[in-house]
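Here are a few quick notes on the pockets, for when you have the model open. I've kept them to what lines each one.

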Amino acid sequence: MAAPITSIKRIELTPEEQQQQKLSELQSLISEQQQSLNKIIQITAELDDAGVLDALTAMVKARDEIAGIAVTQASREPMTNLINNLLNATGLLTTINPEVTAKLKDSIAKGIEEAELYKGNGDKVSILQVMTALNDPHINQAVKYGMNFLKGMGKGLNE
């Protein structure tokens with residue numbers, strides 16, 4: 001029977017041996033990724049030729065000033081209004097059924113297409129033509145939709 005193992009001897013590498021091992025691993029990694037490294041070097045050279053690296057270096061050095069300018073610009077009233085309006089518009093869009101907005105989008109596109117067909121004739125519309133147009137089911141439906149929209153909007157304004 002074999003003798004039991006009672007101790008494990010650890011092989012401790014000297015700092016020079018550790019450094020040599022790391023260099024060897026790095027060399028093998030470089031040789032495996034040579035093509036990728038060549039592309040990175042080419043990209044870096046192109047960025048340097050274009051002055052992009054100089055601009056980035058200047059931006060990093062001036063990061064505190066740039067951050068101050070960005071904060072100042074973002075806190076101006078027009079910018080805060082824009083941000084608030086975007087948040088409100090996003091809130092509005094999240095409350096509307098996507099099927100309704102898709103149908104409205106298609107209807108608006110169709111309406112613009114139809115309006116473009118008749119935009120250039122320059123004829124005035126008489127009251128009689130408006131009254132007669134209400135008999136057209138498509139126009140009547142759009143007018144009714146608009147009136148209901150205005151009614152709902154008015155209710156919302158009173159709340």
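The points below take the two pockets in turn.

1. First, a reminder that this is a predicted model, so please read the notes with that in mind.

2. Start with the largest pocket, which holds about 1100 Å³ of space. Its lining runs to 22 residues. If you want to find the centre on screen, look for G111, E114, H138, I139 and A142, the lining residues that lie nearest to it.

3. Which helices build that lining? At least two residues each come from α6 (98-117), α7 (127-133) and α8 (137-158). The largest share belongs to α6, with nine residues.

4. As for chemistry, the lining of the largest pocket is a mix: ten nonpolar residues, six polar and six charged.

5. Now the second largest pocket, with about 190 Å³ of space. The residues around it are L92, I96, V100, T101, L104, Y145 and F149.

6. Helices α6 and α8 turn up again here, each giving at least two residues to the lining of the second largest pocket. Once more α6 gives the most, this time three residues.

7. How does the lining of the second largest pocket divide by class? Six of its residues are nonpolar and one is polar, with no charged residues. Set that beside the largest pocket, where six charged residues are part of the lining.

8. One thing to take away when you colour the model: α6 supplies the largest share of the lining in the largest pocket, and α6 also gives the most to the lining of the second largest pocket.

Notes:
Residues numbered from 1 in each chain as written. Predicted model: local features only at pLDDT ≥ 70, side-chain atom pairs only at ≥ 80, totals over all residues. Heavy atoms only, no water. 1 Å grid on protein atoms, 1.4 Å probe; cavity = no way out; pocket = protein on both sides within 12 Å on 5 of 7 lines; lining within 4 Å. Points joined across faces, edges and corners; volume = space filled by probe spheres on them. Helix = DSSP H or I, 4+ residues; strand = E, 2+ residues; numbered from the N terminus. Nonpolar A, V, L, I, M, F, W, Y, C, P; charged D, E, K, R; others polar.
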